[in-house]
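Let's take a walk through this one together, from the overall build down to a few side chains. Keep the viewer open as you read.

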Amino acid sequence: MKQHPIGTKISKSQVYEAFNEQWIDIRVKNIAAKLSELRIQTNPRKIKASLQQYCQDLAFEMFIQENQVATENHVTTHINEKILSKLDPTKETEIKNENEKLELKIDNMRIFIVKTRDVWEQYFNGDSIAKYVLRRVGDNKYQFLHKSCQEYYVAQKIVFDIISWKPNVVGVNDQQFQQQFETHIPNLSINCKLLNEELGIIQFIAERIHDNNPIFINLKSRLFRIIESSKNSENVNVAAANAITILNSANINMNYQNWSNIKIPYAILDRAFLEGTNFSNANLDHVRFVQACLNKVNFTNASMNDIYFGEYACLEGHSKKINGIQFSPDGTKILSYSTDKTIRIWDALSRKQLNVLKGHSEEIHIALFSPDSSKVVSCSDDKTVFMWDIPSGEQIQLLKENSWDVRSAEFSSDGSKVVLYSWDETIRVFDLSSGEQVQLLEGHSDRVNRAQFSSDNSKIVSCSDDKSIRIWDVFSGKQLLLLDGHLDRVNGALFTSDGLRVISYSYDKTIRIWDALSGQQIQMLEGHTDDINGIQLSSDGSKILSYSDDTTLRLWNPLSKKQIRVFEGHSSGVTKARFSSDSSKIVSISYDKTIRLWDVLSGKQIQVLEGHSDIITGVEFFPKELRILSCSHDRTIRIWDVAVEKKIQLTEGYLDTITRVQFSFDGSKIASCSVDKTVQLWDTQSGKQIQVFEGHSDRVNGVLFFPDDSKIVSYSLDKTIRVWDVLSGKLLQLLEGHSEWIWKVQFSPDCSKLVSCSADKTIRIWDISSRRQIQLLTEHSDDVNGVQFSPDGSKIVSFSYDNTIRLWDVLSGNQLQVFEGHEDAVEGVQFSPDKSKIVSCSWDKTIRVWDVSSGNQLLLLEGHKDAVNEVQFSPDSIKVVSCSDDKKIRLWSASTGKLIQRLKGHLDCIYGVQFTPNGSKIISYSEDKTIRIWDVSTGRQVQLLEGHNGHINGIHLSPDGSKLVSCSGDKTLRLWSCDNGKIIDVTETSLVKCAWRMGIQSGLSMKGSIWKNAKGLEDQQKVFVKQRDGKL
């Protein structure tokens, strides 16, 4: 059995390879032992090879026949002569006596054994060798040990079919090689049948693409050749579709390919990276593009019948953040409400906008349909509550005006009343026929968070920040019961459908069930570890669904008091969750900007829907269709299919936002870190993952290489600094001491020390060789945001939320200077290259230049309209560049403080800006998902790098200036290169493109894609393409 070094990442294919080899080895030994007893000589190696080939052929035949059970008759009928020769070995010589040689021909291998005809027949003749390698499940019926074993052998056959082919003549050129290979492709097993329903087979083959075994070295290139061959032949469509699906499963970048005229119908390109690829005149019928990156893709004249995106055209109309959505009770309409002060009514079937309800003068924070779907009630920050008639779109009642701040409303089940609850600690009941207030319910001592009618409309239950729940009589206005028990604010309370129970949830992390008649607490459900944001009852009332800031959803049985299931997958707090109409599925949304679909019975995650670029504020199941509706602060209302996701991608990559990225000093490697608690190492040339460093227990904020590139330093919110060995991936050092999150770590210029700063208000200096803390600096009074060594390593400058900058002596730990003047948190500091000055930037919108020796402020640079996020000296110390949340970059004179250039182009907050080493260019990155390169002398933008689907968190220029790496909230990192030189030398005519992207594509994107004369697109798909910035 093949041995792997300790720490080696073993693929599923390698595990199955080892298992199945061992399984066959045991069988070969058994056969050899029995034959040895009879003094029959055998060649175990050749027997093993023939058994393996037999398994591959039989597994593939079972795959073709769509049957997991093979019978001897079935095998004899369908398996070719090669297999039959193994079932009944051909006797090549005339048998003259009992001890003559027999020749067994198996796949051109000759196994000579000495035996009598009768003895050989006793073990093999007329007897399926299936019994030696398969599991018998009945008379003459055999199965592989597990379906996955069958999938493994099918994959092996397909792979070896592809890689074992050789050209007729050695030394042919690439074109000749391709021509010869193309004649062979129709006969390959990969061309027999689509693999789409056999994701296990796809993934086994995909893993071989990354296998270090040299026999698989040509697999990837030959799959590309198979795709290329479909340009010239209709007979290889199946092979081409399978090949591109496998490459996608292996997370192979397929960007900027010239695939005009290829034919890949039914290919699975979910989450594929296809940026810039040419699909003109291609046959893409029935291809899946769910969550794919289609930016700059050319689909001109492509055949696209029945293509599948997994989502549909958005409901367009709102101009600002959308706060919520709701289906009408009859399921025919959708309402949405927004900070743009409007409510919009949509037809649920046609998706057309029916009405725009205007009247509020401020943001609308709630709007609800009446039970008969004919009216809408709305509440706004303008302190008004309006009632609207849906058919006419007219405002029919003003229930309240400009006196108290209503947070929400609820209709009675008969639609005759509305209850309004407020932060003024009151609850008010209005009669809708008269529009008059009929009850004022007072008793809560803090803001009211929820109020709801009982099903018979005789009572109201309310809850409050005062930690209490109260039940009121609607007709008399009297408080009937006070339910005490929660230890923190009660976020919500509701009656069960029979009115006999009240269920409440609280910031005390508990759910409590109360008797609605006596007020006694019946049950307390515990399990959540953070604030509970909401609950919902299943349609039959038998289950309670809860969701929390602890990132989980939980399902409870209220009768048994037991937690049935925990749904885990979100990386941030879950803000809303809903049952489907039959309660078989759950949909949830989170601050992580994802929508997740769950199966209630199994607890498994079915889908992850990504694409919203801001907080998702609402999600609902369509009442009559297998679809999901969502809305977001990104101003979109999206429609998604409810489907089982085809998770074909291998899991290599990040599970969450990538926070930082760094080139090694020799430029050959890239290190990155993430919210998912891991550090990963990548090969710069190929993008291949080299190592995964695991050990941090919280978000990793940053990563640094040692100057000799032999080690990596990472730091985290888990309060630790870790030193890792690059080659082995082992943890070498663990530096502990900080009591809160670590924000920044930096090497001293001679790399003998590390300096770190933390939310614990301290700065610590560490000696690398001894692993000891040698200085503790404690003068800051708030979080220390950052720290930097002076160029000669003798001093440290630190900056903090306490609005100050401090200068320290490294040797003594003494504070040398305090630079005071900023009026808000200091966000960035840098020494000038000549060490004489410090430049700083702050949330107070200013930049300041300080004299290091005296501590005096030399310059105050004003002009930014919002927080300044980064500032940097030019390499010659003559200029200063700054960037801000005001979307602007400013270039200043470092000597006079005068503004030299204002660089405009970014559409959102700019997080970072830096000079190139020669000072001729500026590189910036932003919340707007772009990286921009600017010419310093002219102030003009010379390059716009687009492709990330999330905000850019960091960039790093390679040491030689030839490449740029970026990381993003979209969970990917990208390597950018220039077609005709280095990144630092680009001009407006240079072509800078993504060389590779690592990570799993999140969200469907098609910006700049071309769909001219694309055939087969439905009308709604054309609208969808336009909405996503595609060009028809």
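One cut-off is worth having in your head before we start: a residue counts as buried under 20% relative accessible area, as exposed over 50%, and as partly exposed in between. Thr551 shows how that works, because its relative accessible area of 22% makes it partly exposed. Keep in mind too that what you're looking at is a predicted model.

Now zoom out to the whole chain. The protein chain has twelve helices and 69 strands. Its radius of gyration is 34 Å, close to the 31 Å that the globule rule gives for 1032 residues, so the chain is as compact as a globular protein of that length. If you drew a box around the C-alpha atoms along the principal axes, the box would come out at roughly 115 × 80 × 60 Å. As for how much is tucked away, 58% of the 1032 residues in the protein chain are buried.

Let's go back to Thr551 and look at its backbone. This threonine sits in the loop between β28 (544-548) and β29 (552-557). Its phi is positive, about 80°, although Thr551 is not a glycine. That deserves a second look, because most residues other than glycine have a negative phi. Lys467 is another case, with a positive phi near 75° in a residue other than glycine. You'll find Lys467 in the loop between β20 (459-464) and β21 (469-473), and with a relative accessible area of 39% Lys467 is partly exposed.

Next, charges. Side chains of opposite charge can pair when their charged atoms come close. How many salt bridges are there in this model? The count comes to 39. Take Lys157 and Asp57, whose closest N and O atoms are 2.9 Å apart. Lys157 belongs to helix α7 (residues 147-163) and Asp57 to helix α2 (residues 44-65), so this salt bridge ties together parts that are 100 residues apart in sequence. Both Lys157 and Asp57 are buried.

Over in the strands, Arg578 makes a salt bridge with Glu620, and here the closest N and O atoms are 3.6 Å apart. Arg578 is in strand β31 (residues 574-579) and Glu620 in strand β35 (residues 616-621), so the pair links parts that are 42 residues apart in sequence. Arg578 and Glu620 are buried as well. Asp718 and Arg722 also meet in a salt bridge, at 3.8 Å from N to O, and these two residues are both buried. Some salt bridges share partners: Arg351, Glu625, Arg627 and Asp641 are joined into one network that way.

Which residues form a positive patch on the surface? Lys320, Lys341, Arg635 and Lys887 do. To get your bearings, look for Lys341 in the loop between β8 (333-338) and β9 (342-347). Lys341 is partly exposed, at a relative accessible area of 36%.

One last stop is Asn533, in strand β27 (residues 532-537). At 22% relative accessibility, Asn533 counts as partly exposed. From Asn533 to Asn869 is 336 residues in sequence, and their C-alpha atoms are 33 Å apart in space.

Note on methods. Residues are numbered from 1 along each chain as its sequence is written. This is a predicted model: local features need pLDDT of at least 70, side-chain atom pairs count only at pLDDT 80 or more; totals for chains, interfaces and linings use all residues. Side-chain values use heavy atoms; hydrogens and water are left out. Patches are made of residues with over 30% relative accessible area and no salt bridge: like charges are joined within 9 Å, nonpolar side chains (Val, Leu, Ile, Met, Phe, Trp, Tyr) within 5 Å. Accessible areas come from the Shrake-Rupley method with a 1.4 Å probe; for residues, only the protein chains shown count as cover. A salt bridge is a side-chain nitrogen of Lys or Arg within 4 Å of a carboxyl oxygen of Asp or Glu. Lys and Arg count as positive and Asp and Glu as negative; His and the chain ends are not counted. The place of a charge is taken as NZ of Lys, CZ of Arg, CG of Asp or CD of Glu. Helices (H or I, at least four residues) and strands (E, at least two) are DSSP runs, numbered from the N terminus. Buried means under 20% relative accessible area, exposed over 50%, partly exposed in between (1.4 Å probe, protein chains only). The radius of gyration is taken over C-alpha atoms; the globule rule is 2.2 Å times the number of residues to the power 0.38.
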